[in-house]
Each structure stands twice: as structure tokens, then as C-alpha cells.
Amino acid sequence: MIQSLNIDKTLVLLCTAYLTLSLTFLHTTEAQASEEDFDKNVETLYGCLCACAGYPVTPCNQSAECNQAFKLSAERMERFLNLNATEIAYLWGLEIEAQKAKRLRRWWYYTPPVIRQECRELTEQKRSDLFYAINYLKKNTSNPNVYLLLAKLHRGLYVDRHAHGGSNFLGWHRAYLYYYEMALRRVRSSVALCYWDSTIDYRLGRNEWVFTNAFSDLLFGNADGEVINGAFTNWTLPSPNEGFLLQRNMRLGVSQPMDPAAVSLIIHSLQLLNHSSITKGGSGHLTITNSQGRTRPVILEAEHDNVHVWVGAIMSYIDLAPLDPVFFFHHCYVDYVWERFRQKMKVQGKDPTTDYPSLGTESHAKDYPMIAFNWYRNIDGYSDFFTDYIYKYDEPPTCTGYFATCQNSPFMECNSENECVAKKRSQLVPPIPPSISRTFGFSDTVLVSLGTEGEDAAVSPSLTVTGRSFSANSNSD
Ligand SMILES: [Cu+2]
């Protein structure tokens, strides 16, 4: 207690000193609050926030620079995300935490990184703590509802174009996961996000994918219609879909889990050593041939799209996808694969923090300020900060030898190739019966064609959807 008070005092002193210095600097350069001097603005904003107790909705420091920085931040959140003042204040709170972490890493007392594991490798205790925290964010009645607020950050045309289809895809979603994890850790300080390595499910074989026990009542819940078992049972949807439950629509023959062959190329191939070679719109892609003999370029974002479409319904729409917690488990795996790619670059003498290609719309540009995460420019998403100081990845389970057990996970087993493969729901002990869906199931699903972007997406006809859907790569398995 005494120690933490001392640290707080030190922080306040440091912050105050920092604020004074940064404001002096701003005075002398007469910097304007604009996107060009974004860095200075976020520094000023941090100084202002630091000087305030709690999480202010309005600036408590009355300097013109502070007011201007707050105004710019609030305007951006209103303009791009349509957030209200309470929601903006909550995000500022998370931003303070992010900035504290960034500064504290320079001192001897920084918090050690958390470890993100494959969801099926978590102990029962860890899994139930994590699922508790997720449910808490969703079900708490405080204002704002934090889960909904975080889900909103992935909504609308601006974010769609800014965070998908180019260089900012990986960094923006890394920052997004970080904010989500910070919010979860406010509920249970011991939790870390877990990742869902769906290559483990892929190995079941295409005809068995829909039976994976990832979608069982011990894990993510059923995938055939309204989610009525598992950790996220009876989650309701917000406007404009009030009255409906969370829905999925996984079906035989519609898209697929992450392809192990594609992931292996991204992680291991020495022909893929710059971000352009794994990014949409880039160059130097390798190609992969599917079981029907059709080829496709290996692009991490495109491989990720497949999983959104495979899970279906809510997950297949950019505006809605984070309403399904599976979104974050899946993205955490995408982030893991990227981290392995970054490590490979480093071993080969390349610097992943500066290799930021210019791909996608102008809001993908490296110095463009990240929408929703005001402290960062897009290139900051490529920084080592996250995986040096905030989290690290445990490797996915492996199995070799006669008694191989996939790290004792009850959810998987070792195949003849010495790879871990998901068990089917029927293999769990006791076996999990198929869910009885209230709207549609594996055998009577309805496919709604949504035009060019959404031909492969399936959704219950009752959902009201705006915005674009993810589209599966037609040359996948
Ligand atoms: Cu996204």
C-alpha cells in the first residue's frame, strides 16, 4: 500500500513535470491541434489527463492546449465512431492506462507481460475467470456498457476502411485487442486474452469442421443458430437487433477455419520477409493450392476473413462481428501468427517496426492517427511495445511421441502426423448433445445472398444488418 502510494506520488510529480515541459514546448512552437502534429497532441492530452484525478469528461486543466487536445480527441471519437461523452470518458480512462504502461516500462517497476495461451489449453480456473470477465463486461449495467462500447469501435464506414484491406489491419486490431484486454483486466486483474487456433479444428477434415468441440457448451457455445449453450449463452444483441440472441451459422461447405498450410508459410517461409508480402494489395505473395486444384495468394487478412464467414451470422459482418466474443479469440490468433512473422523478420535481420508498406486507402498511411485509439499513429501498431511489455504468446499445443497428449488438453488429441487436432463434440466426456436451435440448425439453415461482397456470408433472415460483410476467398478449401 505504502509502496503504491509512493509510486502514485512519483507518477503525479512526473506527470506534472512532463505537462509543464510539453506545454512550454507547445507554446514556443505554437503548434496547432491538427492531425499533422498528432504526437504532440496526444502528449499534451496525456499531461492533461495525468493532472486530473479520475477520468474527466471535460478538461480539468484549463490551459488552451489542454482544451484543444481534448476537443480534438472528442471530435474524432464523435465523428468517426459516433460515441457520446460518457463513452469517450471511459476510453480516455483506458488510454491513460495504456500510456502509463508505456511510460512505466522505462522504470524498474513495470508490470511483467501477461501470457496469452490457446483457449483450449487454459486451466479450468483460468478459463472460467476469463469467461467471467467477458460476461461481466457484457452484463454490467454501468454506463457505458463496456462490451457494447468496445464492439462499437469496430463499426461504421470509417473504421471499416481504416482497419481492413491494407497495412493497418494488423496494427489496428492489435491495439483493439489490447484495449479489450485492459477492460477485462479491470474486472479480473489475473486474466489474459486467449487465442483460438482454428488450424487445430481444420485438421478434423472439411466434413467434420462443424462438429468441433470449440463450439460446445464447455467453450464458445453452439454454432448452429442462436447461441443457447456455452460461455455466452443467451447473450442478447443491441439495437437494431434488440430481442434477438447472439447467432452463428456454421455450415458444411461454407468457408473454413484457418488453413495450417497458409499459416505455416507465413510463419516459416523465408520468401515472406516483409509486410507487403502478407498484406492485401501488397506484392510478393506466395500462392497455395486448395484441394480442388485452385490457387490463391497467401494473405493473412484474407485467411482471417474465411473464419469470419465460416462462423457466420454476427461474425460475418464487420459492423457486428465483435458482438460475438469469438471475434476476439480469433483475432488473438491472427495476432499470434503476425507475431511469429515479426520474429522471423527479426531473425533474418529485418526490422518489423519500420517496415510499414503503403497499402490500402489513405487512412492506412503510416502516420495517420488510429481511429478509436487516439494515442497511436498507424505505424505505432507495428511497435515492439505490445509484445515486449504488455503480453507474450505461449506456443500452440504440440504432440510428439507415443504418449503425446497436446499438453493434456481435454479438447484435442494427437493425430498420426503428430499434430494436435480438435476432438469432436461427441468425443467429449460426457458427450455433448447437439444443440436444439430455436431458429435454425445445421440441417435447415437459410442462405441469404448479400450481393457481391457477401455472397458467402450466411445470416438469419431476421437480423437487421448495415455495412459490409467479410467475404471468404473462393479458392479456399
Ligand atoms: Cu476487423
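**View 1. Residues 324-335 and 164-181 of the predicted model, the two parts of a UniProt feature**. Across residues 324-335 the chain is 83% helix and 0% strand, and the C-alpha atoms at the ends are separated by 18 Å. In residues 164-181 the helix content is 78% and the strand content 0%, with 21 Å between the end C-alpha atoms. The UniProt record, an unreviewed entry, assigns the feature "domain: Tyrosinase copper-binding" to residues 164-181 and 324-335.

**View 2. Packing of helix H8 against helix H12**. H8 covers residues 168-187 and H12 covers residues 326-347. Their axes are 10 Å apart and form an angle of about 125°. This angle falls outside 65 to 115 and is not over 145, so the pair counts as oblique. The crossing of H8 past H12 is left-handed. On the H8 side the contact consists of Leu170, His173, Arg174, Leu177 and Tyr180; on the H12 side it consists of Phe328, His331, Cys332, Val334, Asp335 and Trp338. Sorted by class, the H8 contact with H12 holds seven nonpolar residues, two polar and two charged.

**View 3. Packing of helix H11 against H12**. H11 runs over residues 300-311. Its axis lies 11 Å from that of H12, at an angle of about 160°. Because angles over 145 degrees count as roughly antiparallel, H11 and H12 are classed that way. H11 crosses H12 in the right-handed sense. Leu300, His304, Val307 and Val311 of H11 meet Val326, His330, Val334, Val337 and Trp338 of H12. This contact of H11 with H12 comprises seven nonpolar residues, two polar and no charged. Val334 and Trp338 of H12 also take part in the contact with H8.

**View 4. Surroundings of Asp355 in the loop between H12 and helix H13**. H13 spans 385-390. Within 10 Å of Asp355 there are 16 other C-beta atoms, so Asp355 is partly exposed. Leaving aside residues up to four places away in sequence, Asp355 touches Asn274, His275 and Lys350. Asn274 is 81 residues from Asp355 along the chain, yet their C-alpha atoms are 6.8 Å apart.

**View 5. Ser128 in helix H5, shown with Leu218**. H5 comprises residues 124-139. Ser128 has 13 other C-beta atoms within 10 Å and is therefore partly exposed. Leu218 is 90 residues away from Ser128 in sequence, and the C-alpha to C-alpha distance between Ser128 and Leu218 is 9.9 Å.

Notes: Residues numbered from 1 in each chain as written. Predicted model: local features only at pLDDT ≥ 70, side-chain atom pairs only at ≥ 80, totals over all residues. Axes fitted to C-alpha atoms, helices over the stretch in contact; angles between N-to-C directions. Helix = DSSP H or I, 4+ residues; strand = E, 2+ residues; numbered from the N terminus. Parallel < 35°, antiparallel > 145°, perpendicular 65-115°, else oblique. Left-handed = near helix turned anticlockwise from the far one by under 90°. Contact = placed C-beta atoms within 7 Å. Nonpolar A, V, L, I, M, F, W, Y, C, P; charged D, E, K, R; others polar. Buried ≥ 20, exposed ≤ 12 C-beta atoms within 10 Å, placed from the backbone. UniProt positions renumbered as here; feature names shortened; annotations may be inferred.
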